[in-house]
Amino acid sequence: MGIDVQLNWADAYLAQAPVGDLFAGASPTMAMRWRTMLDQLSTQAQADPAILADHVARQAIDLGMAFRHTGDEEERSWPLGPVPLLVDAAEWAHIERGLIQRADLLERVVSDIYSTQSLVRDGKLPASIVTGSPHYWRVMTGTPPPRGHHLHFYAADIGRGPTGEWRVLADRVRTPVGVGYALENRLALSRATGDLLGTMNTRRLAPFFDELRRGLAADCERTDPRIGLLTPGRFNQSYAEQAHLARYLGLLLVEGDDLIVSDGRLFVRTIQGLKRIDGLWRWMDSRFLDPLAFDGQSRIGVPDLYDACARGGLMVSNWPGAGVIESRAFAAFLPQLAQAMLGTDLILPNIATWWCGQPRECDHVRARIDDLVVGSAFLADAPFTPGATLDRDQRAALFDAMARRPMDYVGQEVVKLSTTPAVIDGQLTPLPFTLRIFVARDATGRWRVMPGGFARLAGHGDIRAALMGQGDMSADLCVVDSSPVPPDSLLGGAPAIRRIGGMLPAKAADNLYWLGRYIERTEMTLRLIRAIVGGSIEADLGPSLASPTMARLVDQLALWGAVPGRGGAVGPLCATALGDARQSGSVRALMATVANIGEGLRDRLSSDVWRLVRLPLPGFDAAVTETLLDASSRMIERMSALSGLAAENMGRTEGWRFHDMGRRMERAVNGCRLIALFGGDNASADDLMLLLDLMDSQISYRTRYLTGPALPPVRDLVALEPHNPRAIAWQALRLADHVAALPTLRADGMPEEPRRLADALAARLAPLTGDTLTMADIADVENRLLRLSEAIGQRYFLQLHKTQDADILS
């Protein structure tokens with residue numbers, strides 16, 4: 001049943017809501033809050049749910065919210081629904097108590113498995129439940145974590161039945177996917193709906209994340225620890241979430257290649273040498289952590305990380321091997337384990353589960369197969385199969401497999417879920433939902449539950465799956481109080497004031513440097529394209545396509561890989577240089593490289609930069625020169641916007657220096673090549689005019705000289721003028737300044753190789769003038785620039801040798 005946008009949203013929704021819907025089954029007080037919320041949303045959206053959905057979707061895009069399905073090459077926009085899911089404080093208190101109890105129980109079970117193993121020895125837990133899990137690692141037995149905490153962070157997927165009871169569907173301790181999205185959902189919804197959440201007395205999420213960070217720090221050895229968020233890399237499905245969390249919590253986003261273990265300590269490779277890491281919040285499976293201790297085929301881990309754990313100087317959340325508790329078979333034993341270890345029943349019961357490794361339970365599953373779903377006992381992310389959907393042959397094959405290895409299977413009751421309002425195709429529609437709720441230790445070691453969470457609305461995927469499926473949506477979970485929520489206060493909890501930037505890992509410095517180079521390379525390619533289609537401010541003097549000047553211009557595009565060769569008309573040639581992804585030097589290909597590099601800097605780039613980097617190329621028609629000119633000019637404006645954001649918004653830290661060095665290096669190298677092409681001894685007036693245009697120096701030349709372009713003053717302006725931000729000499733001075741400000745590993749006061757080369761480059765240009773500058777000088781300067789770039793890379797991007805690791809214990 002659709003909803004007429006003219007009707008009251010609440011009444012129209014209730015007319016179609018099924019039995020057990022969260023809104024329809026709410027108490028009178030909560031029903032009134034639902035109505036108030038829907039009335040306000042209707043007013044903001046002019047009574048059209050589609051307008052509301054579009055507004056929220058734009059906010060999600062602006063925040064850079066994204067994810068991947070398995071196999072995706074490109075990220076997808078995050079599917080955030082515009083209607084939050086409401087739970088009142090009294091119902092939430094019950095959920096909190098249940099999850100804190102469950103987290104305590106899981107901690108005790110994991111601790112026993114990797115220490116005394118009394119649960120197995122006393123017959124309370126079958127040994128095959130433990131050893132059959134792919135997440136059980138025998139090597140971790142007898143390796144206690146700091147402060148005895150195997151778990152710092154725990155997530156539970158819970159569902160609400162049609163009669164209002166809450167049950168736990170799955171326990172998740174390996175990777176806490178969704179906690180960052182819960183935060184981003186709240187940010188996007190708050191932006192889209194103004195003060196709506198505040199007027200509903202919605203509990204804030206920020207205090208939970210503060211407690212989370214303090215809890216991680218409390219188990220580290222040093223009082224002011226360095227903590228890294230260990231990511232599998234930018235192709236991981238939730239990399240955008242990980243980058244956002246690292247930025248929000250002030251953690252160092254690191255990959256395995258960034259880290260090294262020495263003498264039982266973990267270090268991160270930075271531009272200042274090796275710096276000690278005290279703790280890791282890992283977002284990768286234990287098997288990938290250390291190829292020497294776990295899976296030898298891992299290429300994303302850190303060799304000897306186990307050794308750092310075993311020596312007790314490294315906090316890892318969650319402790320390697322903790323994922324053993326995620327096996328579905330454990331759900332069949334947790335009720336009796338709660339009685340044995342806690343002396344009480346579970347406050348939040350499991351979904352009913354039968355492990356087929358026990359004969360009676362296996363017979364029960366076979367007998368009730370039409371009423372159950374059957375799945376892997378140990379693979380938490382493997383799909384379940386509804387027994388009622390199996391034909392005769394499929395059922396026989398399943399029973400045969402269960403007879404051969406019954407311990408590999410579990411049966412579970414069919415999940416029947418409550419629904420909640422969602423906007424689908426512009427209509428308010430009930431969808432079944434699950435909640436992922438997050439629990440973390442605070443600085444005292446006690447468990448804290450996030451007052452909200454990640455709500456997942458089922459589309460066509462498996463609602464029990466760990467990750468978002470095709471057609472699924474997310475929603476903000478709001479816990480609402482009866483009284484106003486006090487604002488957060490940092491009084492007494494603010495950190496000591498600092499005026500220094502954080503550490504810069506070598507890989508991040510590398511990425512920032514090449515991000516600058518590729519942005520500058522893209523801009524220069526665009527300037528060449530614009531010059532071909534007639535973008536010179538001296539249009540009446542512009543060279544024709546057949547002129548030697550234009551021929552060299554096209555040859556340069558071919559040399560840079562933007563076009564295959566000189567032949568063809570202006571339109572197709574420039575269209576290729578702009579939009580042909582098959583040409584490695586085309587604008588489209590270069591912008592793809594910029595986005596690719598930027599992906600690895602997700603935690604360091606603002607949303608404004610990220611949005612500009614990811615914008616598609618403007619449309620153009622190869623047969624219409626004006627559209628090509630417009631597209632290239634608009635792209636140059638975009639490059640200028642990126643330059644402006646870097647100049648005005650980036651803190652003057654080492655990261656900014658590397659980004660700016662990349663731009664200065666690329667601009668200087670391109671300047672040398674353009675002067676060699678168009679500023680040689682036999683340069684024509686067309687050549688010099690084009691050179692001034694490409695170097696964005698025509699206006700400067702015109703205001704300084706009353707005559708047409710002449711070779712010595714043009715060379716002086718674009719190569720040697722120390723006050724022209726497009727001149728080679730200006731780039732050389734900035735490079736020397738940047739290199740001089742970077743940290744040194746030498747203790748003898750002598751300059752390192754990049755410093756010597758940068759100073760020598762600036763000195764080489766200083767005494768020259770436009771009258772004395774030769775093409776041999778330009779060739780020498782270009783060679784010096786390339787040697788300097790190589791030296792910067794060798795010194796700051798490739799710190800692989802321990803002999804360079806001064807300040808190793810800082």
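This predicted model holds 0 disulfides. Why does Cys309 have no bond to another cysteine? Its sulfur lies 12 Å from the closest cysteine sulfur, that of Cys220, which is too far for a bond. For the count, two cysteine sulfur atoms have to be within 2.5 Å of each other.

Are Cys309 and Cys672 buried or exposed? Cys309 counts as buried because its relative accessibility is 2%, and Cys672 counts as buried because its value is 0%. The cut-off to keep in mind is that buried means under 20% relative accessible area.

Now let's turn to a sheet. Here 4 strands form an open sheet, and following the order E7-E6-E11-E12 takes you across it. The pairing is parallel. Strands E7 and E12 stand at the edges, and each has a single partner strand, so one side of each is left without a neighbour in the sheet. On average, neighbouring strands of this sheet are turned by 25 degrees against each other, direction ignored.

To find the strands and a helix that lies across some of them, use this table:

| Element | Residues |
|---|---|
| Strand E6 | 227–230 |
| Strand E7 | 252–254 |
| Strand E11 | 279–282 |
| Strand E12 | 315–317 |
| Helix H10 | 239–249 |

Take a look at E6 and E7 together. They pair in the parallel sense over 3 bridges. Which residue of E7 is the bridge partner of Gly228? It is Leu252.

Finally, find helix H10, which lies across E6, E7 and E11. Helix H10 runs at about 150 degrees to E7.

Methods: Residues numbered from 1 in each chain as written. Predicted model: local features only at pLDDT ≥ 70, side-chain atom pairs only at ≥ 80, totals over all residues. Heavy atoms only, no water. Pairing = 2+ DSSP bridges. Helix = DSSP H or I, 4+ residues; strand = E, 2+ residues; numbered from the N terminus. Axes fitted to C-alpha atoms, helices over the stretch in contact; angles between N-to-C directions. Contact = heavy atoms within 4.5 Å. Buried < 20%, exposed > 50% of the residue type's maximum accessible area, 1.4 Å probe, protein only.
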